[in-house]
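Got the viewer open and a selection box ready? Let's take a walk through this one, stop by stop.

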Amino acid sequence: MSAPAIRTEHLTKRYGPVSALDGLDLTVPAGEVFGFLGPNGAGKSTTIRLLLGLARPTSGRAWIFDIDAADVAAAHQRLAYVPADVALWPRLTGAEVLELLGAVGPGVDRAYRDELVERFALDLSKPAGTYSTGNRQKVALVAAFATRAPLLVLDEPTSGLDPLMEREFRRAVADARADGRTVFLCSHQLAEVEAVCDRVGILRAGRLVDVAAVPDLRALHRTEVQVRFAGPVPDLDHVPGVQAVERTGEGAVRFTLSGPPGPALRQLAAADVSAVSMREPTLEEIFLDYYGEDR
Ligand SMILES: Nc1ncnc2c1ncn2[C@@H]1O[C@H](COP(=O)(O)OP(=O)(O)OP(=O)(O)O)[C@@H](O)[C@H]1O
């Protein structure tokens, strides 16, 4: 078994009375694309700072491929990082910045870097001081993806990118996965997490609320079903898996369905159904459920 890309054991960070991170136990196996979600102030950036050795834990430990995160020189040979707010040296051109960033990491795949520069439509001839937020972000992303680092730690990497560039970002994550690299992605963009991640960890008020595969996270939750009946509306209230039954008009019913759909489908099949639609909740709705509930 290869070492996990990230492992934390009861990782905790307190700032005075504030528990920014409270006993995080997390393992991200090598090769996984892991999404890290949570509302503002949940502790995502704190986690990243601890993983990068930019802050010291109050208690607990973290390892990057079995290297103690506190051993910064060794750990950073295995990772590349894109911060949420990318700051670049304003007088260096984009090309010079890429050279500099490439020189400090674990080595660069230059051919792939050139390809990414094309794909992200970066003009490297300009001084970085003239770049927009999105262009600075693109430089940092190209620099990170083009390293040979087996772990990419990305903090809100696409907040400044337009939809075309967001698509390129997703392609680059897919390339990384195909190469067996690990991606740790902090994001508020649920569609993005849904599209690129294998598993998602949800953090709330410094605590890990759940870790789930994206399909399982969906399966945990209900499907919304709308049915229109030509004849009498059957009693759905006591059918296993059916909840929140609501009359939405003459002969129309809406309900949510969780677990195996058989009992509900049998009840519907016995009635005179003229139209039916089923909708899976988006990850956003699932996500809001988590934060709406007091858990
Ligand atoms: N240097 C610090 N001093 C005091 N409190 C801090 C410090 N850094 C973070 N905190 C607190 O720790 C908690 C977690 O903050 P953190 O920045 O990790 O959250 P986050 O999940 O990254 O949020 P966001 O999505 O807004 O970036 C917050 O309550 C924050 O106010």
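One cut-off to keep in mind before the clicking starts: a residue is called exposed if 12 or fewer other C-beta atoms lie within 10 Å of its own, buried if there are 20 or more, and partly exposed in between. Also remember that this is a predicted model.

**Stop 1: Arg 279**

Put that cut-off to work straight away. Is Arg 279 buried or exposed? Arg 279 has 10 C-beta neighbours inside 10 Å, so it counts as exposed. You'll find Arg 279 in strand 14. Now select Thr 223 and Glu 224: once neighbours within four places in sequence are set aside, these are the residues in contact with Arg 279. Add Gln 226 as well, which is 53 residues away along the chain from Arg 279, yet the two C-alpha atoms are separated by 8.6 Å.

**Stop 2: zoom out**

Show the whole chain as a cartoon. You're looking at 10 helices and 14 strands, and the C-alpha trace spans about 75 × 45 × 40 Å along its principal axes. Of the 295 residues, 35% are buried. Of the contacts between residues at least 6 apart in sequence, 69% join residues at least 24 apart.

Colour 6–218 one way for domain 1 and 221–281 another way for domain 2. How many Å separate the centres of the two domains? Taken over C-alpha atoms, it is 43 Å.

**Stop 3: the four-stranded sheet**

Next, pick out the open sheet with strand order 12-13-11-14, where the pairing is antiparallel. At its edges are strand 12 (242–249) and strand 14 (273–279), each of them pairing on one side only. Neighbouring strands here are turned by 20° against each other on average, ignoring direction.

Select residues 252–257 to light up strand 13, which pairs with strand 12 in the antiparallel sense over five bridges. For a single pair to look at, show Gln 243, which stands opposite Thr 256 in strand 13.

While strand 12 is on screen, click Ala 244, which sits in that strand. The backbone is worth a look: phi of Ala 244 is near 50°, a positive value in a residue other than glycine. Ala 244 is exposed, because it has 10 other C-beta atoms within 10 Å.

**Stop 4: another positive phi**

Jump to Phe 65, which is not a glycine either, but has a positive phi of about 45°. Phe 65 sits in the loop between strand 4 (59–64) and strand 5 (67–68). How does the neighbour count come out for this one? Phe 65 is partly exposed, as there are 19 other C-beta atoms within 10 Å.

**Stop 5: the six-stranded sheet**

Now select the open sheet with order 6-7-8-3-9-10, whose six strands have mixed pairing. Strand 6 (79–82) and strand 10 (207–213) are the edges; each has a single partner strand, so one side of each has no neighbour in the sheet. From one strand to the next, the twist averages 15°.

Inside the sheet, show strand 7 (151–155) together with strand 8 (182–186): they pair in the parallel sense over five bridges. A pair to label is Leu 152 and its bridge partner in strand 8, Val 183. Then switch on residues 133–146, which is helix 5, lying across strand 6 and strand 7 and running at about 170° to strand 6.

**Stop 6: the ligand**

Last stop: centre on the ligand. Which residues surround it? Select Tyr 15, Val 18, Ala 20, Gly 38, Asn 40, Gly 41, Ala 42, Gly 43, Lys 44, Ser 45 and Thr 46. Coloured by class, this shell shows four nonpolar, six polar and one charged residues.

Strand 2 (18–28) and helix 1 each supply at least two residues of the shell, and helix 1 has the largest share, with three. Keep helix 1 selected, residues 44–51: it is mostly covered, with seven of its eight residues buried. Those buried ones are Lys 44, Ser 45, Thr 46, Thr 47, Ile 48, Leu 50 and Leu 51. Step just past the end of helix 1 to finish on Gly 53, which takes a positive phi of about 75°.

Notes: Residues numbered from 1 in each chain as written. Predicted model: local features only at pLDDT ≥ 70, side-chain atom pairs only at ≥ 80, totals over all residues. Domains from an automatic or database assignment. Pairing = 2+ DSSP bridges. Axes fitted to C-alpha atoms, helices over the stretch in contact; angles between N-to-C directions. Near = placed C-beta within 6 Å. Nonpolar A, V, L, I, M, F, W, Y, C, P; charged D, E, K, R; others polar. Contact = placed C-beta atoms within 7 Å.
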